[in-house]
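Here is a friendly walk through one structure, going from a single residue outwards. Have the viewer open as you read.

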6 protein chains.
Amino acid sequence: MKMIYTLFLFALLSSACCHAFVNDFCVANLKGPDGPSGYECKPPNTVTVDDFVFSGFVAGNTSGGAAVTPAFVTELPGVNGLGISAARLDIAKGGFVPVHSHTASSEILIMVKGEITAGFITPSAAYQKTLKPGDVMVFPQGLLHFQVNSGKGKATAFLAFSNPSPGVQLLDLLLFGNNLPSQLISQTTLLDYAQVKKLKAIFGGRG
Amino acid sequence: MKMIYTLFLFALLSSACCHAFVNDFCVANLKGPDGPSGYECKPPNTVTVDDFVFSGFVAGNTSGGAAVTPAFVTELPGVNGLGISAARLDIAKGGFVPVHSHTASSEILIMVKGEITAGFITPSAAYQKTLKPGDVMVFPQGLLHFQVNSGKGKATAFLAFSNPSPGVQLLDLLLFGNNLPSQLISQTTLLDYAQVKKLKAIFGGRG
Amino acid sequence: MKMIYTLFLFALLSSACCHAFVNDFCVANLKGPDGPSGYECKPPNTVTVDDFVFSGFVAGNTSGGAAVTPAFVTELPGVNGLGISAARLDIAKGGFVPVHSHTASSEILIMVKGEITAGFITPSAAYQKTLKPGDVMVFPQGLLHFQVNSGKGKATAFLAFSNPSPGVQLLDLLLFGNNLPSQLISQTTLLDYAQVKKLKAIFGGRG
Amino acid sequence: MKMIYTLFLFALLSSACCHAFVNDFCVANLKGPDGPSGYECKPPNTVTVDDFVFSGFVAGNTSGGAAVTPAFVTELPGVNGLGISAARLDIAKGGFVPVHSHTASSEILIMVKGEITAGFITPSAAYQKTLKPGDVMVFPQGLLHFQVNSGKGKATAFLAFSNPSPGVQLLDLLLFGNNLPSQLISQTTLLDYAQVKKLKAIFGGRG
Amino acid sequence: MKMIYTLFLFALLSSACCHAFVNDFCVANLKGPDGPSGYECKPPNTVTVDDFVFSGFVAGNTSGGAAVTPAFVTELPGVNGLGISAARLDIAKGGFVPVHSHTASSEILIMVKGEITAGFITPSAAYQKTLKPGDVMVFPQGLLHFQVNSGKGKATAFLAFSNPSPGVQLLDLLLFGNNLPSQLISQTTLLDYAQVKKLKAIFGGRG
Amino acid sequence: MKMIYTLFLFALLSSACCHAFVNDFCVANLKGPDGPSGYECKPPNTVTVDDFVFSGFVAGNTSGGAAVTPAFVTELPGVNGLGISAARLDIAKGGFVPVHSHTASSEILIMVKGEITAGFITPSAAYQKTLKPGDVMVFPQGLLHFQVNSGKGKATAFLAFSNPSPGVQLLDLLLFGNNLPSQLISQTTLLDYAQVKKLKAIFGGRG
C-alpha cells in the first residue's frame with residue numbers, strides 16, 4: 001500500500017527528473033560543429049556504453065622512438081565537456097618525447113614500466129626527475145616539458161589531461177614544420193640560420 | 001542643439017552596442033542541440049517576455065506524497081547559460097522527498113508553509129534541521145539530501161539551483177530502476193539480495 | 001565474516017575519503033580575508049548545521065515602501081563558493097524596488113503574495129510582466145530591472161541569485177549618492193542639472 | 001639516420017596532435033548560431049590570418065562628440081571563446097561617453113592622446129581620475145562608468161574587454177529609448193516625470 | 001655584438017616575466033587555509049620538483065577487498081588549482097569498490113591488470129562494461145558508479161580525476177555511517193528498517 | 001513627503017547593498033598570499049582610485065631592441081580577479097620580441113606607431129601579418145608567437161591579456177637559461193649540441 005503510494009511519488013518526481021537527463025553528461029556528436037566549450041551533445045537515446053569506453057590502450061608503435069596513443073574526445077566522446085582525457089605513452093629504449101606543451105591543459109604522468117626522466121621548464125627554473133613505476137608527476141598547464149627513456153628497456157606510462165582535447169604543441173614541429181621564412185625563424189628564436197635550415201629540411205617546412 | 005549633437009553620439013555608439021545585443025542573454029532554442037554549456041540561443045528578434053516567465057508554480061499533485069514542479073531551462077528557456085533555475089516543492093502530510101542528489105548543482109530551500117525536516121550527508125557528518133516558514137537552507141553541490149514533512153499539514157517550499165538544468169538523481173530510482181543484475185546491486189551496495197529484489201520489483205528494474 | 005572483510009575495505013577506502021572532506025563544501029570564514037572566488041573555508045570540524053541555515057526570512061519593514069532581506073554569504077556562510085544565494089522581497093501597497101542591477105549575478109523572482117509588475121531593460125528592448133503567485137521570472141545577469149507593487153495589498157516574493165554575494169547597484173544611489181560634481185553627473189547622464197541637484201540633496205551626495 | 005628515426009617519431013606523434021588541432025582556437029562561424037559560451041567554430045581549414053586581424057582602428061566620426069570603434073567577435077572572429085576583445089575610443093573636444101556599463105565584462109582604458117576624465121561608481125564610493133597619455137585605468141565588471149574629454153583637443157584611447165562580445169549598456173538608451181510608460185520610468189528611477197518625457201522625446205522611446 | 005644586444009633585450013623583457021612567475025603554477029601551501037578554488041600558493045622560491053612528484057603508487061593493501069591510493073592535492077601539492085589528480089586502484093580477487101560518487105569530479109579509469117566490471121547509473125539507464133588491460137572508461141561527474149573485480153586474479157587500474165581534491169562519497173558510509181535516526185534513513189531510502197539497522201551496526205552509525 | 005518615504009526605502013535596501021560591497025571588485029592585497037584565482041582582496045576602505053590606475057605606459061628602454069612595460073596585477077592591483085591586464089610594447093628599428101607564449105592567456109595587439117610583422121604558430125599552420133597603425137591582431141591562448149619591427153623607425157603597440165598575470169615564456173630563456181644538461185636539451189629539442197652550448201653561454205644556463 002505504502003509502496004503504491006511511493007511509486008506514484010516517483011512517477012511525479014520523474015517528471016522533474018527526465019527532461020534534465022541530458023545534463024548528466026554530454027557525449028560529443030563528432031559529426032556536429034565544435035564550439036568554445038566542446039561538441040554538441042548526441043541525443044541521449046543514441047548513447048551507448050561504448051561512448052564511454054575506448055579499447056585501444058595497447059603498446060604503440062615505437063619504431064620512431066616513442067608513441068602517444070590518445071583517448072581524447074575524438075576517441076572517447078564521453079569526455080566531452082568533462083575537463084578530462086587520457087593517453088598511453090610508450091618509449092623505446094633510447095627514445096624520448098621531444099619538448100612540447102599543451103595549450104590549455106595540465107598533465108599527470110603515471111609510470112607503469114621502465115624508467116623515464118621527465119621535466120618541465122619555467123622562466124625561473126627547470127624541474128626534472130627520474131621516474132620509476134610507482135611515481136606520478138604533474139606538468140602544470142602550458143609549460144614546455146619532455147620525457148626521455150633513461151632506462152635499459154622499454155618504458156610505458158599513462159597520461160591524464162585536464163582538457164578533453166589537449167592538443168600537442170611539439171616545439172620542433174612548430175618551429176621547423178611551417179612555411180615562415182627561415183630568416184624570420186632564425187631571428188626570432190636566435191638560432192643559427194644553418195641550424196634552422198637543417199631542421200626545416202627534416203620537418204618539411206618551406207621558406 | 002546639444003541634444004541633436006548627443007543623439008548623433010548615440011547613433012554612433014549604438015553601432016557598437018547593437019551587434020553585441022545577443023550577449024545580454026541567450027534564451028534557449030529548445031529545438032536545437034544541447035552543448036556542454038547549454039542550448040543554442042534563440043534569434044534575439046524572436047524572444048519575448050514569456051521566455052523569461054514561467055506561470056506554473058501552483059500546488060503540485062501530492063497524492064504520491066510529494067511533488068516537485070520545475071522551472072528549469074525546458075520550462076523557463078531564459079535561464080539558459082545563466083547558472084540558475086528554480087522549482088516548487090509540495091509535500092503532503094506524512095510525505096517526503098527521498099534521498100537524492102543533483103550532479104552539478106547546489107540547492108537553496110526557502111520554506112513557505114508547514115514544517116520540513118531536511119538534511120544532507122557527507123562522509124564525515126550528517127547535517128539535519130527542522131525548518132519552518134522564515135527558514136532558508138542550502139544543500140551543497142552533489143551531496144545526498146532529503147526533505148520530510150514533519151508537520152501536521154501540507155508543506156510548501158521553493159527551491160533554487162545553481163544550474164539551469166540541475167537533474168534529479170533519486171537514489172532508489174538509480175539503484176532499483178535499472179536493469180543491472182540484482183546480485184551486482186546487492187554486492188556493490190552491501191544491501192541484502194532480498195531487499196534489492198523487493199525494491200527492484202517496485203521500481204521496475206529488471207535483472 | 002564477509003562484513004568484517006567489508007569493514008576493513010571501508011577503513012582502507014576512508015583513507016582516500018577523509019582528507020578530501022574539506023572539498024565537499026567550503027563554509028565561509030567571515031573573519032578571514034575575501035578573495036576573487038570567495039572567502040577562506042572554516043575548518044571543517046567547526047562547521048555546524050547552522051552554517052547552512054538562515055532563519056530570518058520574515059516580513060521586512062516596508063515602511064519605506066519595500067524591503068529586501070538577504071541570505072547572502074554574510075548571513076548564510078554555507079553558500080560560499082557555491083554560486084547561489086537568496087533574498088526575501090516585501091513591497092508595501094504602492095511601493096516598489098527602484099531600477100537596479102547586480103554586477104555579476106542573474107536573479108530569479110518567485111511570487112508568493114500580491115501582484116508585482118517587474119521588468120528588465122536591454123539596449124534593444126524592455127521586457128515587462130505583471131506577476132501573480134505561481135509566476136516565476138528571471139532577470140539576466142547585469143541588466144537593469146525593477147519591481148513595482150501593482151496590486152491592492154502587500155506583495156511578497158523570494159529571490160534567488162547566481163552569486164553568493166550578488167551586490168545591489170541601486171541606480172539612484174549610484175548616480176546621486178556620490179560626491180562627483182553635479183555638473184559631471186548632469187553631463188554624462190544627460191539629466192538636467194536641476195534634476196541632479198534635487199536628487200543629490202535627497203540621496204546625500206555632495207558636489 | 002637518427003633524423004629518419006625522428007621524423008617517424010613525429011609522424012607517430014602527429015596522430016596525437018592533429019585531431020586536437022581544432023582546440024588551439026575556435027574562430028567564430030558568424031553564420032552559425034550563438035551559444036552561452038560563444039559561436040560555433042569555423043572549420044579549421046577555412047581559417048585564414050585575416051580571422052585574427054581587424055584593420056579598422058582608425059579615428060571614428062566624432063561629430064556626435066564621441067565614437068567607439070569595436071573589435072568584438074563580430075569584427076574579429078578569432079577572439080571567439082578567448083575572453084578578450086578591444087575597441088578604439090575617440091572623443092571630440094567637449095565630447096564624452098555617457099554613463100554606461102558592460103554586463104559581463106571588465107574594461108581597461110589605455111590613453112593615447114589628449115586628456116580624459118574617467119570614473120566608475122559603486123554603491124559606497126565613486127572613483128574618478130584625469131588621465132593623460134601613459135595612463136591606464138581599469139573599470140571592474142558591471143559597474144557604471146563614464147569618460148569625458150577634459151582636455152583642449154581631441155582625445156583618443158584604446159579599450160580592452162574581458163569578453164569577446166562585451167555589449168554596451170548606455171544608461172540613457174536603456175531608460176529613455178524603450179517603450180515602457182514614462183510614469184513607470186519616473187517612479188522607478190525617482191526622476192521627475194517631465195524629465196523623463198523630455199529625454200524620451202530625444203531618445204525615441206514611446207510611452 | 002648582436003648577442004650582447006639580445007641579452008640586454010632579455011634583461012628588459014625579464015622584468016615583465018619575473019613578477020608573473022607565480023602564475024605558472026600554484027603549489028598548495030597545505031598549512032594555510034583552503035578556499036573555494038583551492039589552497040594558497042607556496043612561495044615560489046620554496047618549491048621543489050618533489051612538489052610535483054608523488055612516489056607512492058605501489059600496490060595497496062587489498063586485504064579488505066580493494067584499496068585506493070590517492071595522489072590528490074594533499075599528496076601531490078603541485079596539482080593545486082590545476083583541475084586534475086590521480087589515484088591507484090587495486091582490487092583483490094572477489095573484491096570490489098562499492099557504489100560511490102565524487103561531488104565535483106569526473107573520473108577516467110585506465111586498466112592495467114586483470115579484469116574489472118565497472119558501471120555508472122543515471123536516472124534513465126545504467127552503463128556497464130567488463131574492462132581488460134587496454135581499456136579506458138570515463139565516469140561523468142557526480143554519477144554513482146562501482147568497480148568489481150570480475151577476473152580470476154588481482155586487478156589494477158589507474159584513475160584520473162578532473163578535480164585536485166575529488167572526494168569519495170561511499171554510499172554505504174553516507175547512509176549507514178551517520179547518526180541520523182534509522183527510522184528516518186529507512187523512510188527516505190525506502191529500505192526496510194531491519195536492513196538499515198543491520199548496516200548501521202556494521203558501519204558504526206548510531207541512531 | 002514621498003521623498004522621505006523613498007529615502008527610508010533606500011536606507012532599508014542599503015542594508016542589503018552594503019555588506020555585498022566587497023564583491024564589486026577585489027583589489028589585490030599584494031602583501032598577502034596568492035591563490036589559484038588570484039590575490040586576497042584589500043579591505044574596501046583602504047582602496048583608492050590609484051589602485052585602478054597605472055601611470056607608467058611611457059616609451060620603454062629599447063636599447064636591447066624591444067621593451068615590454070607591463071600593467072599586470074602587480075602594477076595595477078585593481079585587475080585582480082577580473083581576467084584582464086595590459087602592457088606597452090616598444091620595438092627599436094631592427095628589434096623584435098623573440099618567440100614566446102603566455103601559459104594561460106590570450107593576447108590582443110593594438111598597433112600605434114610604425115610597422116610590426118607578427119605571427120603565431122600552430123601544429124598545422126603559421127599565421128603571419130604585417131601590421132600598421134589601425135590594425136589589431138589576436139594571439140590565441142598558449143600559442144608561440146613573435147613580433148618583429150619590419151618598419152623604418154620605432155614601433156609601438158599596446159597589448160591586452162585575458163589574465164591579470166599572464167606570464168611571459170620566452171622560448172630562449174626557457175631552453176637556454178636553465179641548468180639542465182646541454183646534452184638533454186639537444187636531445188629533446190633536436191638542436192645541435194654546439195648550438196645549445198652556444199646559446200647556453202649567452203643566456204646564462206649552466207650544464
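## A histidine in a strand

A good place to begin is A:His145, which sits in strand β11 of chain A, a strand made of residues 144-149. Keep in mind that this is a predicted model. Is A:His145 buried or exposed? Its relative accessibility is 2%, so A:His145 counts as buried.

Which residues surround it? Setting aside neighbours within four places in sequence, A:His145 is in contact with A:Pro98, A:Val99, A:His100, A:Ser101, A:His102, A:Glu107, A:Gly119, A:Phe120 and A:Phe139.

## Its partner in β6

One of those contacts, A:His100, belongs to strand β6 of chain A, residues 96-101. With a relative accessibility of 4%, A:His100 counts as buried because the cut-off is under 20%. The side chain of A:His100 also reaches the backbone oxygen of A:Pro98, at 2.8 Å.

Beyond the neighbours within four places in sequence, A:His100 has a list of contacts that includes A:Glu107, A:His145, A:Leu143, A:Leu144 and A:Gln147. Also among them are A:Val168, A:Gln169, A:Leu170 and A:Leu171.

## An annotated site

Both histidines appear in a database record. In an unreviewed UniProt entry, the annotation "binding site" covers A:His100, A:His102, A:Glu107 and A:His145. These residues span 46 residues in sequence, yet no two of their C-alpha atoms are more than 11.8 Å apart, so they gather at one spot.

## The chain around the site

Stepping back, chain A holds four helices and 13 strands. Of its 207 residues, 68% count as buried. Sequence separation is worth a look too: among contacts in chain A between residues at least 6 apart in sequence, 64% join residues at least 24 apart.

## A five-stranded sheet in chain F

For a look at strand pairing, turn to chain F. There, five strands form an open sheet in the order β9-β8-β11-β6-β13, with antiparallel pairing. Strands β9 (126-131) and β13 (169-170) of chain F stand at the edges with a single partner strand each, so one side of each has no neighbour in the sheet.

Within this sheet, β8 (residues 116-121) and β11 (residues 144-149) of chain F pair in the antiparallel sense over six bridges. To find the register, look for F:Ile116, which stands opposite F:Asn149 in β11(F). As background, strands of a sheet pair through backbone hydrogen bonds, either parallel or antiparallel.

## A helix with two faces in chain B

Helix α4 of chain B runs over residues 193-203, and its buried residues are B:Gln195, B:Val196, B:Leu199, B:Lys200, B:Ile202 and B:Phe203. They cover an arc of only 160° around the axis, which puts them on the same side of α4(B). An α-helix has 3.6 residues a turn, so residues three or four places apart point the same way.

What does the face turned away from the buried side of α4(B) carry? It holds the exposed residues B:Ala194 and B:Ala201. After α4(B) comes B:Gly204, whose phi is positive, near 85°.

## How chains C and D relate

Finally, consider two of the copies. Chain C is superposed on chain D by a rotation of 180° with 0.0 Å of shift along its axis, and the RMSD is 0.0 Å. The two copies are thus related as by a two-fold rotation axis. In chain C, the C-alpha nearest the axis belongs to C:Gly142, at 3.1 Å from it.

Where do these copies meet? Of the interface residues of chain C, 100% are also interface residues in chain D, so the copies meet through the same surface.

Definitions and conventions: Residues numbered from 1 in each chain as written. Chains lettered and ligands numbered in written order. Predicted model: local features only at pLDDT ≥ 70, side-chain atom pairs only at ≥ 80, totals over all residues. Heavy atoms only, no water. Pairing = 2+ DSSP bridges. Least-squares fit on C-alpha atoms with pLDDT ≥ 70 in both. Contact = heavy atoms within 4.5 Å. Buried < 20%, exposed > 50% of the residue type's maximum accessible area, 1.4 Å probe, protein only. Arc of directions from axis to C-beta. UniProt positions renumbered as here; feature names shortened; annotations may be inferred. Polar contact = N/O pair within 3.5 Å; in protein donor to acceptor, adjacent residues only side chain to side chain.
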